[in-house]
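Colleague: Could you take me through one part of this model in detail? I'd like a close look at the nonpolar core, and then a few words on what lies elsewhere.

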Amino acid sequence: MLSQALLLFRVATHSFDRKELLIYRRARGKLYFISLIHNLTLVFRYINTDYALASTLSNDVKAGISDVVLTYDIGCQWGKNLSQRLSNYSSAPSLDIKSLNSFRVAVPKFHIIGHGASCQATFNLAYMDNVGMTHGEGVETIWSHSTSLAIWSRENAPSARHLILDDHWNGWNWRKYVGLRKCSGPRPHAS
Amino acid sequence: MLIRASESAKAHREAANSMSKAWHKSAPGRRKLLLAYKQDKSKPNPFEEPDPGTSTYLCVWSLSQQHPDDVLDKLKDQLAREDSEQQGAGVSFPHKMTPAAFLQFALEVEAAQYVLFLLFQSLLTFGPRRILKTRGCENSEGDSSTFIERRRALTKNIDNLRDPQRLYMPGTSSHLSAADLILLADHPENVELWLPSALPSASRDTQCIAGLSKLEYRLRFAQAMTALHDIRLARRLLRILTTKSQTHITNTQRPGTRTCSVFDKAKAKLARAVSTYRTSRKAVVDLAPNEEFGLWKDTLRELKDGDIRGPGKEESGTSASRSAQSWIWTTGLQASSPGDSDLDIVLRVEWCKAQELAKRYEEEVQLVIEEMRRTLVTFKLNAHEWEQRATFSIPAVGDAAAAGITAYAYKQASIQRGLIKVFIKDWYDILTDRPHATPWLHDYSPPAENRRRRLVSNVQLYHSSSSPRVDTPHTINDVPPPSVDTMSLDVPANSSDFDD
């Protein structure tokens with residue numbers, strides 16, 4: 001039986017005008033969550049990902065989430081020493097993965113094709129229990145929309161850029177919201 | 001979403017069960033392997049396909065191995081035993097060839113006819129030089145003989161067949177006409193052998209000795225099973241070769257003639273096995289249309305061209321989660337001891353994948369239901385938050401503005417409640433069909449009117465959700481205070497957790 005405390009999570013990094021944009025999101029929806037988007041101005045490092053993960057996931061854990069499935073394009077490598085890294089950070093929000101009931105890392109279904117045979121067997125959502133038909137790629141479908149924002153907001157100062165991005169993603173979310181009933185009806189609609 | 005998920009879940013569960021049923025002997029072992037791996041990832045991975053190795057010839061060799069418990073071989077042994085038992089019991093046959101031996105010989109002649117037929121076809125198409133190249137479809141015996149010699153040998157064999165045939169099938173002598181004899185001399189590969197299955201069913205019993213039809217049925221059944229096994233082997237071989245040619249691309253413009261010839265051999269093997277299967281199945285259908293001699297309809301299904309695919313998903317085509325395995329991989333399997341041959345492992349991988357796929361779809365149904373619960377709870381929470389905002393007192397603004405703020409907050413809250421209504425209207429019937437999965441549903445009142453009528457067009461849906469009808473009047477005095485029970489939340493009050 002599925003736990004009501006299950007959370008399917010997706011990490012994505014979006015190369016964004018010479019900056020990496022880090023997005024944390026529910027793996028099964030297609031909405032942006034602004035508080036979970038982190039602007040990475042430095043060279044991409046695990047520590048950025050880890051910080052963002054700890055700051056969002058610690059809230060969820062406080063709210064009662066105990067089973068986490070995390071999908072990430074490079075999850076097979078990144079997840080290796082994750083709990084050890086998290087315990088070493090001094091200023092990040094505290095997140096103890098070992099206290100969770102289960103914490104699993106997977107590679108999303110489209111990306112796993114590019115991985116080796118051992119990854120395809122170990123980090124495959126198709127062979128993982130309790131994840132349903134989650135593919136974990138929903139966040140990247142939005143990139144066609146948000147890529148143009150990179151040039152759009154290139155000349156802005158950081159705060160103005162943040163506001164512009166907020167505006168656009170809120171707009172995206174609103175359109176999703178409006179069409180929510182259409183795309184989430186109980187029976188398939190011709191689209 | 002829910003309907004589609006549950007339909008797929010049902011279909012894939014059926015497919016997985018039929019696979020388990022077909023491999024019932026080895027299923028427990030496989031299940032154990034799968035469970036062991038799930039608990040401990042260091043155990044052998046049941047999803048990994050065997051590596052066919054680097055040598056093409058090695059894998060060809062390993063795949064051309066006969067099944068250790070070949071049905072046809074076992075039946076031949078058994079028939080030989082039965083014959084010797086009968087002879088020991090004093091039963092004598094009018095010919096030195098027993099009926100069982102006669103039929104086996106006839107099947108061999110039939111196979112030789114088919115090979116010669118193919119050879120003749122390619123002779124007509126490509127001329128004599130090409131014949132050497134089509135040897136891939138031949139038996140190893142008689143490779144050195146020329147076409148004419150092979151024809152002569154076949155003619156002789158058919159002649160030898162006629163003697164016992166006149167004795168065991170006395171009614172057929174009328175069929176063996178003079179025209180037949182001329183054909184025999186010129187084109188022995190086209191001569192009708194007149195086995196019991198080729199006779200009209202009404203006169204079959206009068207034209208043959210008793211028991212001959214059943215004997216042929218047993219042989220044909222076993223022949224079809226073996227052919228099915230050969231089809232699977234050839235498909236697997238083709239699969240390996242395709243994968244190899246895709247992954248080991250050489251940077252050369254020379255044609256890979258060796259790979260080509262192996263491909264040709266595999267294709268010829270497949271075509272021959274398919275033809276054998278169809279011939280023997282047709283004989284089985286003719287001999288026992290109502291399964292007089294035993295059950296065959298579930299095992300020997302009609303082999304359409306589209307059925308000859310797999311193992312696994314095709315290179316081009318639908319994704320693995322949408323496509324079903326062909327029946328050739330699930331029926332008529334010659335269950336042996338849990339073998340470690342290449343084909344056994346491939347089939348085990350397919351079985352494991354099918355089980356997992358069925359499970360994923362069943363979980364998907366539960367996930368969709370759980371997501372609907374979270375959706376509704378989120379709407380409820382949003383409405384609750386807006387209602388709380390309505391009671392904020394903001395001293396800086398005047399009374400009129402404060403009234404406006406309150407009205408706006410109630411409007412937003414009512415939009416959220418309207419969304420709950422709309423979603424319940426869409427989902428209530430489907431969710432009530434699954435009471436055990438939706439114990440939370442009684443928190444929501446069923447849609448009031450037109451419970452059974454659903455919206456027909458998407459356009460309608462789109463508009464009704466983009467501007468949900470707001471039932472509450474927009475003046476403050478008319479706004480009813482939110483009732484306590486609609487505000488009660490049974491979830492942690494953190495909106496970010498219930499957003500999907």
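Modeller: Happy to, and please keep in mind that this is a predicted model. Let me set the scene with chain A, which has 8 helices and 5 strands. Read from the N terminus, its elements follow the order β-β-β-α-β-α-α-β-α-α-α-α-α. Chain A has 191 residues, and 31% of them count as buried. If you take the contacts in chain A between residues at least 6 apart in sequence, 64% join residues at least 24 apart.

Now to the core you asked about. The largest nonpolar core holds 114 residues, and within it Ala224(B) and Val284(B) touch the most other members. Helix 12 of chain B, residues 342-390, gives the most to this core, contributing 20 residues. Both domain 1 (44-351) and domain 2 (357-498) of chain B supply at least three residues each to this core.

Ala224(B) deserves a closer look. Setting aside neighbours within four places in sequence, Ala224(B) is in contact with Tyr277(B), Ser280(B), Arg281(B), Val284(B) and Leu300(B). Val284(B) thus appears among the contacts of Ala224(B), and these two are the residues that touch the most other core members.

For a view away from the core, try Lys96(B), which sits in the loop between helix 4 (71-88) and helix 5 (99-126) of chain B. Lys96(B) counts as exposed because it has 8 C-beta neighbours inside 10 Å, and the cut-off for exposed is 12 or fewer. Along the chain, Lys96(B) and Pro164(B) are 68 residues apart, yet their C-alpha atoms are separated by 8.3 Å.

Terms used:
Residues numbered from 1 in each chain as written. Chains lettered and ligands numbered in written order. Predicted model: local features only at pLDDT ≥ 70, side-chain atom pairs only at ≥ 80, totals over all residues. Helix = DSSP H or I, 4+ residues; strand = E, 2+ residues; numbered from the N terminus. Buried ≥ 20, exposed ≤ 12 C-beta atoms within 10 Å, placed from the backbone. Contact = placed C-beta atoms within 7 Å. Core = buried A, V, L, I, M, F, W, Y, C linked by C-beta atoms within 7 Å. Domains from an automatic or database assignment.
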